[in-house]
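User: Please take a close look at a single part of this model, the nonpolar core, and then relate its surroundings to the rest of the chain. I would like one connected account rather than a list.

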Amino acid sequence: MKKRTRINKKKTQYFIMVILASSVASVLIISIFIGIIRFLRPSAEEKRNAALDFAAIEIAKPDISEMYLTVNPNSRPQIALKQVKGIVIHYTANPGTDAKANRNYFESRKDCADASSNKVSSHYIIGLDGTIIQCIPDNEIAYASNNRNKDTISIECCHPDNTGKFTENTYQSLVHLTAYLCDKYEIYSENVIRHYDVTKKMCPKYYVKHPDEWEVFKEDVIDYLESGKKDTIK
């Protein structure tokens, strides 16, 4: 009797293992299938990007105040940026400050010791009123995006409060500047990224906490690019 009980117990354990293994295999197969479908079926963003012809687009350069930083090891090392492969969006993390104040902070790094903790800058800063200041030429790296400094242009955005949400003026200038740079360097919106996407840093804070709004921003950039098609400009 005990022997039969042990046999039945082993059979039960075997059937449970078979069921579990089958379930895991089914989940794995379904996951692979979904992955293949997603790979073969491009997203709406990818479809819109594929339809863009940069040769037929002309985005007007926004108003930009060139206030280049003094050449120094900490904020403007004058290292060549040989190829632009992406654009990185940041927020200043200094609520209520304007573009010039943040530009001057980068400038002040020239008086600090040559140390990694003092290496910080950005190509562009957009103020609360939409003013755009360029701190570093596009063909030089900025110390903003860690291992992506070598092939990206960085844009810092001012914000009025701790939510990190940009003002409407800041937002509109950001969309225009991003679209202009995308057109200039033939960059698709999939290569417009957040600092968070490089290092998982909470930057830009609002778009990390609201990824749906980040997607809206990228859609707005594509809209701006599409509006710049030469045959639609009057």
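Analyst: What follows begins with the overall fold, turns to the core and its aromatic rings, and then moves outward to a histidine, the backbone and the pocket.

The model is a predicted one, and its protein chain has a secondary structure of 7 helices and 6 strands. Read along the sequence, these elements follow the pattern α-α-β-β-α-β-β-β-α-β-α-α-α. Of the 234 residues of the protein chain, 40% count as buried. Among the contacts with a separation of 6 or more, 76% are made by residues 24 or more positions apart.

In soluble globular proteins, nonpolar side chains tend to be buried together. The largest nonpolar core in this model has 36 residues, and those with the most contacts inside it are I155, L177, F217 and L225. Both strands and helices supply it: the elements giving two or more residues are β2 (86-91), β3 (124-126), β5 (152-157), α4 (168-185), α6 (205-209) and α7 (211-227). Helix α4 provides the largest share of this core, with 8 residues. Apart from this core lies another one, of 9 residues, with L69, A99, I125 and I133 among them.

L225 is a useful residue to follow in detail. It lies in helix α7 and is buried, because its relative accessible area is 1% and the cut-off for burial is under 20%. Leaving aside neighbours within four places in sequence, L225 is in contact with L52, F54, I57, I59, A179, C182 and D183. One of these partners, F54, is 171 residues from L225 in sequence, yet the two C-alpha atoms are 8.6 Å apart in space.

The aromatic rings give another view of how the helices meet. A pair of aromatic rings is described by the distance of the centres and the angle of the planes. The structure holds 8 aromatic pairs, and one of them, between Y171 and F217, is edge-to-face, with 6.0 Å from centre to centre and 70° between the planes. Since Y171 lies in helix α4 and F217 in helix α7, the pair ties together parts that are 46 residues apart in sequence. Both Y171 and F217 are buried, and F217 is also one of the residues with the most contacts inside the largest core. Ring pairs further link F166, Y171, Y206, Y207, W214 and F217 into a cluster.

Moving outward from the rings, H195 is a polar residue worth inspecting. It is located in the loop between β6 (192-194) and α5, and it is buried, with a relative accessible area of 4%. The side chains of H195 and N146 are joined by a polar contact of 3.0 Å. Beyond its neighbours within four places in sequence, H195 is in contact with V88, I89, H90, A144, S145, N146, K200, K201, C203 and P204. Of these, V88, I89 and H90 fall within the range of β2, a strand that also gives two or more residues to the largest core.

Two of the contacts of H195, C203 and P204, lead to a feature of the backbone. The peptide bond from C203 to P204 is cis, with omega near -10°, and P204 is found in the loop between α5 (196-199) and α6. Two further residues have a positive phi although neither is a glycine: Q78, at about 60°, and A93, at about 65°. Q78 is placed in the loop between β1 (65-66) and β2, whereas A93 is found in the loop between β2 and α3 (99-108). Q78 is partly exposed, with a relative accessible area of 45%, and A93 is likewise partly exposed, at 44%.

The last feature is the largest pocket, in which about 360 Å³ of space lies. It is lined by 21 residues, of which Y91, T92, V120, E156 and K201 lie nearest its centre. The elements that give two or more residues to this lining are β2 and α3, and α3 gives the most, with 3 residues. K201 connects this pocket with the account above, as it is among the residues nearest the pocket centre and is also in contact with H195. Strand β2 makes a further link, for it contributes two or more residues to the lining of the pocket and two or more to the largest nonpolar core.

How values were computed:
Residues are numbered from 1 along each chain as its sequence is written. This is a predicted model: local features need pLDDT of at least 70, side-chain atom pairs count only at pLDDT 80 or more; totals for chains, interfaces and linings use all residues. Side-chain values use heavy atoms; hydrogens and water are left out. A nonpolar core is a set of buried Ala, Val, Leu, Ile, Met, Phe, Trp, Tyr and Cys residues joined through side-chain atoms within 4.5 Å. Buried means under 20% relative accessible area, exposed over 50%, partly exposed in between (1.4 Å probe, protein chains only). A polar contact is a pair of N or O atoms within 3.5 Å; within protein, one must be able to donate a hydrogen and the other to accept it, and residues adjacent in sequence count only if both atoms are side-chain atoms. Contact means heavy atoms within 4.5 Å. Rings of Phe, Tyr and Trp (its six-membered ring) pair if their centres lie within 6.5 Å; planes under 30 degrees apart count as stacked, over 60 as edge-to-face and the rest as tilted. On a 1 Å grid over the protein atoms alone, a cavity is a set of points where a 1.4 Å probe fits but cannot get out, and a pocket is an open set with protein on both sides within 12 Å along at least five of seven lines; lining residues have an atom within 4 Å of a point. Grid points are joined across faces, edges and corners, and a volume is the space filled by probe spheres set on the points.
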